[in-house]
Amino acid sequence: ERESYQKKAVDIISWLIKSLLEINNLNEAEQLCEKLINIDNLNEDSYLLFMQIAGKKKDKYLLKHVYQIILKTFDKELGIPPSPEFEKHYRLLSGF
C-alpha cells in the first residue's frame, strides 16, 4: 500500500513539474524535482524532468550535475547505467 501512495505522489508531483515547465516557473519546478528524486531516486523520468529544467535555464552546470547524480545512483543501487533513451536525451539537451 505504501508503494501505491508513493507512485501517486510521484505522478502528482511530476504533473505539477510539467505544468510549471509550461509556464516557465523554473525555480519552483527545480525545487519539486529535488523532492521528486528524494521520493524515488531510481525513476529516470524524474531526472529527465530535472534535465529539461536545466535545458530551459540554459544551465550546463546543472545539467551535468543531474546527469552525474543519476550515473552514480544507478551504478550504486542497480549496478547499471541509465537507459540508452536517457543518454540520448542528455546528449540532445547538452547541445542546447
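Hi everyone. When I say contact today, I mean heavy atoms within 4.5 Å. With that in hand, let's look at F86: setting aside its neighbours within four places in sequence, F86 is in contact with E44, Y47, L48, M51, Y67 and I70. Please keep in mind that this is a predicted model.

F86 is a good way into the core. The largest nonpolar core has 27 residues, and F86 is among those that touch the most other members, along with I17, Y47, M51 and I53. Where do the residues of this core come from? At least two are supplied by each of α1, α2, α3, α4 and α5. The largest share belongs to α3, which gives 7 residues.

Now to the aromatic rings. How many aromatic pairs are there? The count is 2. Y47 and F74 make an edge-to-face pair, with 6.4 Å from centre to centre and 85° between the planes. Since Y47 sits in helix α3 and F74 in helix α4, this pair ties together parts that are 27 residues apart in sequence. Y47 and F74 are both buried.

The other pair is Y67 with Y90, and this one is stacked: the centres are 3.7 Å apart and the planes differ by 10°. Here the link runs between distant parts of the chain, from Y67 in helix α4 to Y90 in helix α5, which covers residues 84-94, and the two are 23 residues apart. Y67 is buried, and Y90 is buried as well.

Let me turn to α2. This helix has 14 residues and spans 20 Å from its first C-alpha to its last, close to the 20 Å expected at 1.5 Å a residue. Which of its residues are buried? They are L26, A29, E30, L32, C33, L36 and I37. These residues lie on the same side of α2, because they cover an arc of only 165° around the axis. The buried residues of α2 pack against α1, α3 and α4. On the face turned away from that buried side, you'll find the exposed residues N27, Q31, K35 and N38.

One last stop, just past α2. N43 is located in the loop between α2 (26-39) and α3 (44-57). Is N43 buried or exposed? N43 counts as buried, because its relative accessibility is 17% and the cut-off for buried is under 20%. A polar atom of the N43 side chain also lies 2.9 Å from the backbone nitrogen of D45.

That's my tour, thanks for listening!

Notes. Residues numbered from 1 in each chain as written. Predicted model: local features only at pLDDT ≥ 70, side-chain atom pairs only at ≥ 80, totals over all residues. Heavy atoms only, no water. Helix = DSSP H or I, 4+ residues; strand = E, 2+ residues; numbered from the N terminus. Buried < 20%, exposed > 50% of the residue type's maximum accessible area, 1.4 Å probe, protein only. Polar contact = N/O pair within 3.5 Å; in protein donor to acceptor, adjacent residues only side chain to side chain. Expected span 1.5 Å × (residues − 1). Arc of directions from axis to C-beta. Phe/Tyr/Trp six-rings, centres within 6.5 Å; stacked < 30°, edge-to-face > 60°. Core = buried A, V, L, I, M, F, W, Y, C linked by side-chain atoms within 4.5 Å.
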